[in-house]
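Visitor: I would like to learn how to read a model like this one. Can we go through it feature by feature?

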There are 2 protein chains.
Amino acid sequence: MSAPRAIVLLSGGLDSATCLAIARAEGFDAYALSVAYGQRHAAELIASKKVASVLGAVEHRVAHVDLGQFGGSALTDASIAVPIDGVQEDIIPVTYVPARNTVMLSLALGWAEVLGANDIFVGVNAVDYSGYPDCRPEYIAAFEAMGNLATRAGVEGHRLRIHAPLLRLSKAEIVQRGTALGVDYAMTVTCYQADDEGRACGECDACRLRRAGFETAGLADPTRYARG
Amino acid sequence: MSAPRAIVLLSGGLDSATCLAIARAEGFDAYALSVAYGQRHAAELIASKKVASVLGAVEHRVAHVDLGQFGGSALTDASIAVPIDGVQEDIIPVTYVPARNTVMLSLALGWAEVLGANDIFVGVNAVDYSGYPDCRPEYIAAFEAMGNLATRAGVEGHRLRIHAPLLRLSKAEIVQRGTALGVDYAMTVTCYQADDEGRACGECDACRLRRAGFETAGLADPTRYARG
């Protein structure tokens with residue numbers, strides 16, 4: 001019997017690489033999907049290709065969609081600065097990209113349906129995160145409910161599942177889990193404004209959360225920083 | 001006081017043109033969004049530009065996303081023939097594009113959030129339609145619930161609404177409604193395989209449903225057919 005297929009959303013960052021390793025460990029044939037949505041830098045997408053290959057994805061695709069044309073985020077609009085003053089509580093930061101996770105999960109939904117895959121993995125996290133509304137457990141549950149009505153699944157009696165295995169893990173727990181599964185985090189790029197070589201700024205929210213994760217986990221941080 | 005803003009998904013076909021006219025009649029400033037998803041022909045998108053202009057949209061944007069790369073539909077894969085034998089009951093036809101409405105609504109969700117619009121109009125119809133799962137009332141309700149959790153709306157207490165004013169109308173009722181609102185359907189293209197001039201085949205499901213709608217409504221059919 002062949003393994004069940006799963007779509008794994010893969011950004012090239014730490015979380016989604018861990019998510020891919022988990023999908024593989026759970027016995028899925030993984031189809032990795034990266035989305036070029038107009039992010040500031042290409043380093044993440046370059047990393048995603050390597051991560052997909054090293055972690056044994058059956059296939060890796062890049063879907064292009066220009067969310068930058070709508071604006072409204074520091075990640076897609078170079079005229080909005082990426083904050084470097086630390087994670088703020090209780091506000092949605094300017095690095096939030098409106099509807100990004102919904103667009104990416106929707107593309108995964110389409111590919112899943114064509115492949116006959118009933119499982120989609122996404123590396124969202126609601127513990128050490130930046131306060132984005134589309135990283136909350138209730139959002140993931142609502143997307144799953146919607147996805148089951150959107151597709152053949154709802155008509156033909158399959159059951160689509162959105163797996164968010166990192167949802168309730170701290171960043172430290174995520175790197176511990178991935179390290180146990182053999183993920184080499186040196187190949188991942190997390191920084192919101194990495195340079196062309198994939199080197200991290202060390203100052204943005206994503207860098208701060210990542211660095212703190214390795215520290216708390218007591219693991220060496222393999223991140224390549226542009227400074228220091 | 002300025003009018004509230006609404007995103008209107010606009011394909012260039014009969015249903016979405018009617019939907020735009022309804023949004024305008026309800027007092028919204030309409031921001032029309034068309035999605036180039038890899039459909040077989042460009043005639044629909046050309047029509048959408050004209051429809052947006054004639055019906056008074058404030059702005060018209062075309063978002064590009066390649067659903068054709070996933071395949072699985074006669075509308076995005078030229079090697080799969082468009083059926084011309086009439087609408088079949090109780091099956092999902094090959095013209096169904098996996099997750100298309102979800103991807104399009106997700107893009108609308110992103111633009112709505114940036115514009116501060118709480119309203120999205122979509123011309124789906126569950127009466128005279130082709131049996132697509134993502135045209136059902138329960139799907140629209142589930143998308144709305146998900147959208148309210150996906151965005152700032154869910155955090156900041158706005159309420160996003162997905163308007164599907166055609167959902168329970170027959171095709172005849174739709175053309176009657178649009179005609180009363182002054183829509184000139186000659187500028188719309190509904191056919192699944194229109195030629196470069198926007199002329200309809202007259203044989204596909206979309207053509208059959210459209211033609212029957214005009215007949216039942218007792219209105220002249222302004223459609224330009226390639227034959228006859």
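Guide: Start with one residue. With 15 C-beta neighbours inside 10 Å, B:Leu219 counts as partly exposed. The model is predicted.

Visitor: Where does B:Leu219 lie?

Guide: B:Leu219 sits in the segment after helix H7 (205-217) of chain B.

Visitor: Which residues does B:Leu219 touch, not counting residues up to four places away in sequence?

Guide: Leaving out residues up to four places away in sequence, B:Leu219 touches B:Val175, B:Thr179 and B:Phe214. Now take a pair from chain B. B:Leu219 and B:Asp29 are 190 residues apart along the chain, and their C-alpha atoms are separated by 29 Å.

Visitor: Next, backbone angles. What sign does phi have in most residues other than glycine?

Guide: Most residues other than glycine have a negative phi. Now the case here. A:Ala99 is not a glycine, yet its phi is positive, about 65 degrees.

Visitor: Where is the place of A:Ala99? Is A:Ala99 buried or exposed?

Guide: A:Ala99 is in the loop between E3 and H3 of chain A. A:Ala99 has 28 C-beta neighbours inside 10 Å, so it counts as buried; the cut-off for buried is 20 or more.

Visitor: And what phi does B:Ala99 have?

Guide: B:Ala99 has a positive phi of about 65 degrees, although it is not a glycine. B:Ala99 lies in the loop between strand E3 (59-64) and helix H3 (100-115) of chain B. With 28 C-beta neighbours inside 10 Å, B:Ala99 counts as buried.

Visitor: Now the interface. How is the size of an interface often given?

Guide: It is often given as the accessible area lost when the parts come together. Here, use contacts. In this model, 38 residues of chain A are in contact with 38 residues of chain B. On the side of chain A that touches chain B, the elements giving two or more residues are strand E3 (59-64), helix H3 (100-115), helix H4 (137-150) and helix H5 (152-156) of chain A. H3(A) provides the largest share, 10 residues. By type, that side of chain A divides into 21 nonpolar, 10 polar and 7 charged residues.

Visitor: What turn lays chain A on chain B?

Guide: A turn of 180 degrees, with a shift of 0.0 Å along the axis, gives an RMSD of 0.0 Å. That is the relation of a two-fold axis. In chain A, the C-alpha nearest the axis belongs to A:Val65, 2.5 Å from it.

Visitor: Why do the copies meet through the same surface?

Guide: Look at the interface residues of chain A: 100% of them are also interface residues in chain B, so the copies meet through the same surface.

Key:
Residues numbered from 1 in each chain as written. Chains lettered and ligands numbered in written order. Predicted model: local features only at pLDDT ≥ 70, side-chain atom pairs only at ≥ 80, totals over all residues. Contact = placed C-beta atoms within 7 Å. Helix = DSSP H or I, 4+ residues; strand = E, 2+ residues; numbered from the N terminus. Nonpolar A, V, L, I, M, F, W, Y, C, P; charged D, E, K, R; others polar. Least-squares fit on C-alpha atoms with pLDDT ≥ 70 in both. Buried ≥ 20, exposed ≤ 12 C-beta atoms within 10 Å, placed from the backbone.
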